[in-house]
Amino acid sequence: MFQLHYPALKPLTTAHLAQTMSLLSLTAGELRQQIEQELAANPALELLEERRCPTCRRLLQGKSVCPVCSRPKDENSAEPVVFISPRDVFVGSGGGGLEASDEPEDAYAAGVEELSQYVFRQIAPDLKPEDRPLAAHLLTSLDEDGLLATPLLELARYLHVSVGRLQAVQRLIQLADPVGVGSSSVEEALLVQLEVLKEKCAVPPLAERVIEEGMALLSRRQYDELARVLGAPVQQVKAAARFIGENLNPYPARSAWGETRPSRPRASEVYYQPDMIISRLNDYPDGPLMVEIILPIFGTLRVNPLYKQAIQESDAEHKDALRGDLERAALFVKCIQQRNHTILRLMQRVVALQRDFILHGEQYLRPITRASLARELEVHESTISRAVANKAVQLPNGKIIPLSSFFDRSLNVRAVLREIIHAEARPMSDAELVGKLAERGYHVARRTVAKYRAMEGILPSGLRQPDF
DNA sequence: CTATGGCACGGATT
DNA sequence: AATCCGTGCCATAG
């Protein structure tokens, strides 16, 4: 068989290779399950409770983030700081910091449960520890539309906290994605969305008042009456109404933005929990980025030294069985190390390459293929594939996106397309859009523009805005 | 006649 | 080897 004691980093056996590969494609949550399972099955494996930074091996005193690794070596370095950090991980629908309902009865309940975790994960960093239970309580009280059915006042009395404190927590939740979630009413949700949107683009001046004062009339589409009540021209009211209809979502949990009726749960996969977190160090805009790779267990995983010792002392009959465990444990630990190492290198390179995308948005995404990265890092393509698969990263702006987005060949073109359409004075046909894109250096076929439009949920030119 | 969406094919990517 | 993606052709709607 193979020997036990070697500090080498490269895989030396086929078993090692196979296991590393399978571990590589796992989510942080799945990895945790895997580790727990192995820990339970194999007595030779041990979890040392003391918390050491897996990257630099220094002791972590109570902190979940390594104080040494997170400190920048050089403030102006373009290279990102990457380190591995143990963190709370929610596994499936149970366990973790959020008390979860047992088996979800139906798909809908499961959706709600996932949403609450998704939101919780986003706001957790901004939450004071003593407010955590409050947030958890609010989030579990959401109805299937993502709204809070119980009045805040009642909840405050039940939880024995001031309404003001609860409001602060609610506010945090509302600003998380999907924006408006956790609001006490449809109006409130819409207003929050409006507020957020205002920072990014122009909003019809009347929109706010329409929501505040004329929700009932708005939903019945009685624009004339609405205009009379508000004392404003019908034309403006209609414009505001259309804006609301197109850009706001009264039911935050139904995340199908844009289209209203058929609640399409946004085609591809939706991730709720990041496996890596990218944030900017300090607030220094040109400073290095910090990448935190989530290690789903606290403490250090290692082969139990007592077990090694026990082998020496046991008789020949049991030795083989014990040795088997020992080998498996050593292998397992090594695979985990290998996994960390690979992901670390991957992220280091990816973040350096896609820095602009991470900081400034989708337009700046550079089309990178997994294959090209594999060549740079001198690993097999499939290694990158697995490392990228099933993972989500949280960007500095709080958005959680699949890691595979970093390798999306068309994301940047789609972003530019959105931008062009958003800025257009008059609806342009797909053919015209081809021209506009070409001006900016993106050469795509007419048919492809149509596809991108559909992906972004943008209506065809005829239906976009006939007037204006 | 023009603008779009459906189907399907070929090449790249995984 | 399987899958995804961009594109061309053609039917259809306006």
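How many nonpolar, polar and charged residues does the surface near DNA strand B have? In this predicted model, that surface has 8 charged, 4 polar and 2 nonpolar residues, and the legends below begin there.

**View 1. The protein surface near DNA strand B.** DNA strand B is surrounded by 14 residues, of which Arg 370, Asp 430, Arg 447, Arg 453 and Ser 461 are the closest. Of the atoms of DNA strand B that come within 4 Å of the protein, 58% belong to sugar and phosphate. Helix H18 gives the largest share of this surface, 4 residues.

**View 2. Polar side chains at the backbone of DNA strand B.** An N or O atom in the side chain of Ser 461 is 2.4 Å from a phosphate oxygen of DNA strand B, and for the side chain of Arg 370 the corresponding distance to a phosphate oxygen is 2.8 Å. Ser 385 places a polar side-chain atom 3.2 Å from a sugar or linking oxygen of the strand. Helix H14 (370–377), helix H15 (381–388) and helix H18 (446–455) are the elements that each give two or more residues to the surface near DNA strand B.

**View 3. A salt bridge between helices H7 and H8.** Side chains of opposite charge can pair when their charged atoms come close. Here the side chains of Glu 208 and Lys 198 meet in a salt bridge, with an N to O distance of 2.7 Å. Glu 208 belongs to helix H8 (residues 207–219) and Lys 198 to helix H7 (residues 186–200), so that the pair, 10 residues apart, links distant parts of the chain. Glu 208 has a relative accessible area of 32% and is therefore partly exposed, and Lys 198, at 47% relative accessibility, likewise counts as partly exposed.

**View 4. A salt bridge within helix H9.** The side chains of Glu 225 and Arg 228 form a salt bridge in which N and O are 3.1 Å apart. Both residues lie in helix H9 (residues 223–230), and their spacing of 3 residues is about one turn of the helix. Glu 225 counts as partly exposed because its relative accessibility is 34%, whereas Arg 228 is exposed, with a relative accessible area of 59%.

**View 5. Further salt bridges, including a network.** By the distance rule applied here, the count comes to 16 salt bridges. One of them joins Glu 432 to Arg 426, with the closest N and O atoms 3.6 Å apart, and this pair is accepted because the cut-off is 4 Å. Glu 432 is partly exposed, at 32% relative accessibility. Elsewhere, a network of salt bridges links Glu 362, Asp 408, Arg 414, Arg 418 and Glu 456.

**View 6. The aromatic pair of Phe 357 and Phe 406.** A search of the whole structure finds 1 aromatic pair. The ring centres of Phe 357 and Phe 406 are 5.2 Å apart and the planes stand at 90°, so the pair is edge-to-face. The two residues, 49 residues apart, link distant parts of the chain: Phe 357 is in helix H13 (residues 355–360), and Phe 406 is in the loop between strand S7 (400–402) and helix H16 (411–423). Are these two rings' residues buried or exposed? Phe 357 counts as buried because its relative accessibility is 3%, and Phe 406, with a relative accessible area of 1%, is buried as well.

Conventions. Residues are numbered from 1 along each chain as its sequence is written. Chains are lettered from A and ligands numbered from 1 in the order in which they are written. This is a predicted model: local features need pLDDT of at least 70, side-chain atom pairs count only at pLDDT 80 or more; totals for chains, interfaces and linings use all residues. Side-chain values use heavy atoms; hydrogens and water are left out. Buried means under 20% relative accessible area, exposed over 50%, partly exposed in between (1.4 Å probe, protein chains only). A residue is near a molecule or strand if one of its heavy atoms lies within 4 Å of it. A polar contact is a pair of N or O atoms within 3.5 Å; within protein, one must be able to donate a hydrogen and the other to accept it, and residues adjacent in sequence count only if both atoms are side-chain atoms. Ala, Val, Leu, Ile, Met, Phe, Trp, Tyr, Cys and Pro count as nonpolar, Asp, Glu, Lys and Arg as charged, and the others, Gly among them, as polar. Rings of Phe, Tyr and Trp (its six-membered ring) pair if their centres lie within 6.5 Å; planes under 30 degrees apart count as stacked, over 60 as edge-to-face and the rest as tilted.
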